[in-house]
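Trainee: I'm new to this one. Please pick a single part and take me through it up close, starting from whatever helps me find my way.

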Amino acid sequence: MSAETLEQARERLRPHVEAAQGFSGWSDMPRSREIGAPKPWDYISRAIELVSGASSVLDIGTGGGERLSRILEGYRFRAVATEEWHVNAPVANAHLRPLGVDVVWSADEQLPSKDSTFDLVLDRHSALSPRDVARVLSPGGTVLTQQLQPDHWREVRDFFARAPDQFEMWGNHFENYQRGFSDAGLALVDVRLHEGTTAYDNLADFVYMLCITPWTIPGFDPLGTDLKALLELEAKLTTPVGLALSNGSYIIEARKPG
Ligand SMILES: C[S@@+](CC[C@H](N)C(=O)[O-])C[C@H]1O[C@@H](n2cnc3c(N)ncnc32)[C@H](O)[C@@H]1O
């Protein structure tokens, strides 16, 4: 079989780059699989359990509201979702408004709510301020968050020197959030870290992911100046089960004293 030319590689990736241009919300993601031991927790199931005992819920950085609408299925009570990316806020509104959820276009770390308002705060893969979360939680309330480790997809930096070091950008939030919750008077009831590996089916799917997370490689130009580096990444990271990348994550559940 003859080697693929640069032009053929560009045409192979083009449909995925074009599809990513229409991305909003946080669904229609390419398939990925965890290799090795799965996460020892299930964020959505735990959130559903906590919702069953709650009467007011805040979801920080809801994306398009896709996950919150699953979590709240069958419940009707005061719920608010924040979203700071202007493109996602209307998508979240369309998903969540029919469920009676107020969607607020606001920064993750400056919550637009009064003190002691919610007895459950959820946050999956969006930033948070532990002090602000503690402020809006009612006495006895719970915060549940799942986050990606800053060195998630760390292999990308081997091929793209300009990709920011996420530890420098965000700090060690696994440590900082635990300390922040404790300093704000919350008790840590569950803290677990998982070092995983995720496989995407092929380079084109991973390029789609890179396009929809524009903070990973600033000025990403997959069909132009970045094409050669992408093909090098593909050659190095392709395994029998797909394109494999590190994917560390953690969960923290903390409770405000009653
Ligand atoms: C990864 S999303 C997670 C959303 C949701 N909590 C979930 O679990 O599906 C976290 C945040 O990333 C931000 N975000 C998502 N796509 C973005 C984009 N293309 N550009 C800038 N920010 C984006 C949004 O502000 C969003 O709240």
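**From the ligand to helix 9**

Mentor: Let's start at the ligand: 15 residues lie around it, and Trp26, Gly61, Gly63, Trp85 and Arg124 come nearest. Being near here means that the C-beta atom, placed from the backbone, lies within 6 Å. What you see is a predicted model, where local features need pLDDT of at least 70 and side-chain atom pairs count only at pLDDT 80 or more, while totals for chains, interfaces and linings use all residues. Residue numbers run from 1 along each chain as its sequence is written.

Now for the close look, at helix 9 (residues 203-212). Helices (H or I, at least four residues) and strands (E, at least two) are DSSP runs, numbered from the N terminus. Seven of this helix's ten residues are buried, so helix 9 is largely enclosed by the rest of the structure. Buried means 20 or more other C-beta atoms within 10 Å of a residue's own, again placed from the backbone. The buried ones are Leu203, Ala204, Phe206, Val207, Tyr208, Leu210 and Cys211. And what covers them? The cover includes helix 1 (6-21), strand 7 (187-200), helix 10 (227-237) and strand 9 (242-255).

Next, the cores, which are sets of buried Ala, Val, Leu, Ile, Met, Phe, Trp, Tyr and Cys residues joined through C-beta atoms within 7 Å. The largest nonpolar core has 38 residues, and Val51, Val57, Ala81, Val101, Leu120 and Val121 have the most contacts inside it. A second, separate core of 17 residues includes Leu203, Ala204, Leu210 and Leu233. You've met Leu203, Ala204 and Leu210 already, among the buried residues of helix 9.

Notes
A residue is buried if 20 or more other C-beta atoms lie within 10 Å of its own, exposed if 12 or fewer, and partly exposed in between; C-beta atoms are placed from the backbone. Two residues are in contact if their C-beta atoms, placed from the backbone, lie within 7 Å.
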